[in-house]
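Work through the two exercises below with the sequence and the structure at hand. Each task is followed by a solution in steps.

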Amino acid sequence: MREYSGNIGKNALIILCFLFIVIMLLIPLISVLAYALRQGWAVFWEAISDPYALKALKLTLVTTVWALVINTVFGIFAAWALTRYRFRGQHIIETLIDIPFAMSPVIAGLVFILVFGRIGWAYPILQQWDLKVVFAVPGIILATVFVTFPFVSRELIPLMNAQGTDEEEAAALMGAGTFHIFSKITLPHIRWGLLYGMILCTARALGEFGAVSVVSGHLRGKTNTLPLHIEILFSEFKLTSAFAVSSILVVLAIIILILKNIVQRKGKSEVQ
Amino acid sequence: MFVELEKVNKTFGSFQALKDVSFGIEQGKIVGLLGPSGSGKTTILRSLAGLEFPDSGIIRIAGRAVNDVPARERGVGFVFQSYALFRYMTVFDNIAFGLSVKKKKNGAERGQIPERVHELINLVGLKGMEKRYPAQLSGGQRQRVAFARALAPQPQVLLLDEPFAAIDAKVRKELRTWLREMINRVGITSIFVTHDQDEAIEVADDIVIVNEGGIEQKGSPAEIYQHPATPFAARFIGQSSELTDYSRLHGFLPIAGFHQAVIRPEFVHIFRPDADPYPNSTDDGLVEQAYFRGSVQELHLNVCGQRIIVNNALDDGLLSSGDRLRVLVSRMFLVNEREVRLAENASLRDVNPVFI
Ligand SMILES: Nc1ncnc2c1ncn2[C@@H]1O[C@H](COP(=O)(O)OP(=O)(O)OP(=O)(O)O)[C@@H](O)[C@H]1O
Ligand SMILES: [Mg+2]
């Protein structure tokens, strides 16, 4: 780049990026923490130890773990199928995986209402088995899984394409079974990418609002996740509490960012 | 026949990669699959290994039809063109991989694995490199690891896909001899793929010439060289010149149905114009290009308006373009679309039998 734009251009660009990030990202985050602590630690502590807040946190964590497990397994299967086999409809599936990225999460929520809700075709079947999906925890988990499912497979597909099938074929010729091949040959190659995808999936699952909001029904202490709880506090003008609870999510986000950085660096150093 | 293919066909989509491929290999022999790029050599190997499945035809290994046997149960060792070493494992673990898989299945003692791995490492001359990763090895060393790894589980058949393709010319020659000795020592039935004829002639007991998904000829290197069975084989082997007007040369009459001739350099003899022992059998030749090849000089001659390639032994000194010579063509292969026929120089036989 240096040949095209002198040092002035370079510095201006860097400063611009820096300013943008500070104004758009850093200041808001700091404001959240500052606002949360405005009335002192006691108030802050009270807000986040409120039983409803704790229940919301628990539900958020449970949902995230489910989404993470389901999408990790699905992501590995999908990446394996798409990179290791050739079949009709391969390209269609590859495109379909991206739907959650392209579609508004609210629509995803509405889709679940249409299928599993009172007006949905699956409702009578669910009734028969006495299952509740919409306005219940399973619905929240489903919505979160839907919104986060491309993360793992999207990370893995390019990695596994680049790896090729030679080594796996060599292992198969020496008598190794599929699981053995996966754990000994494929996994070492994709592990950092897999972790990275899992971290992104976690981050998104923790913060998901739109899709979950539609299917949850906002039952306090039952189907409220942390982001929904914050929204309720906010609409009730309990600003300090809202920001205090928000700060939990901010702290979680920072932890995830740090993890992400470590994983990315490890992955990179391994490539070299 | 220890390994046998019978009328094997394979298509990729609408492209027919193998057409009625049939050939066999005796136990303990080394066969070289020789053919141009894209002719289907790799596809033949992969079908034998169980990495591709033929549309029709039978593949037999040790008397058993293996069409429905998955790769992992065929007992075939494979050296990939790219070696496909396990990049996250050391040399030792690469070679031990097949053994540990086998041991797990048989439940036998694992204590023997290190012993066998060290034996193989010594065999291929990589002592002291056990702890290295593939990325820390040279091309030749990787090739040896790939070879040892394929041999470790004691396969019945060893398949090698262009085992020397990624190696520079000098090391390549050494490795060829090395590979031949290794295979003979282990006594394993082997098939290797190459598009280098010198390599095939040097390493193989038998050569199979593959072209456009079909087998052109199978035979010993000498047979293939001296008696090409098809026009393709005649053209492909050796560094041949092709003529369309062969009857303009002394001693060759046109033969109906054959419009082309293939001439190998060793069928051509050159003399200085003032020292021509067969004046009734030779033609005038003009040196158009002269290439120095080290031990010989490769000459491109213009004889009766057609190009003929010949190698000049250097004891009579170097020739250069523009030099005039007398050229004797002692024989040639006449070819058409389907057949090959050997034609001898008639004037040599009739006129001057004393000199032959
Ligand atoms: N998986 C595949 N899908 C489609 N076509 C294929 C596939 N594998 C091979 N082919 C085609 O089949 C033909 C034979 O391929 P193959 O790899 O056997 O050639 P080869 O003789 O090994 O060539 P080379 O010397 O270049 O390695 C080629 O035209 C190739 O394009
Ligand atoms: Mg090939």
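Buried area is the accessible area (1.4 Å probe) that two parts lose on being put together, summed over both. The model is predicted: local features need pLDDT of at least 70, side-chain atom pairs count only at pLDDT 80 or more, and totals for chains, interfaces and linings use all residues. Residues are numbered from 1 along each chain as its sequence is written, chains are lettered from A and ligands numbered from 1 in the order in which they are written, and side-chain values use heavy atoms, without hydrogens and water.

**Exercise 1.** Describe the contact between the two domains of chain A.

Step 1. The domain assignment, which is automatic or from a database, gives domain 1 (1–36) and domain 2 (41–271) in chain A.

Step 2. Domain 1 of chain A brings 5 residues to the contact and domain 2 of chain A brings 8 residues, where contact means heavy atoms within 4.5 Å.

Step 3. Between them, these domains of chain A bury about 630 Å², with 85% of it on carbon and sulfur atoms. On the side of domain 1 of chain A, the greatest losses of area are those of A:Val32, A:Tyr35 and A:Ala36, together 74% of what that side buries.

**Exercise 2.** Find which side chains of chain B have an N or O atom paired with an oxygen atom of ligand 1.

Step 1. Use the cut-off for a polar contact with the ligand: a pair of N or O atoms within 3.5 Å.

Step 2. Read the distances to an oxygen atom of ligand 1: 2.6 Å for B:Thr42, 3.2 Å for B:Glu162 and 3.5 Å for B:His195.

How values were computed
Polar contact = N/O pair within 3.5 Å; in protein donor to acceptor, adjacent residues only side chain to side chain.
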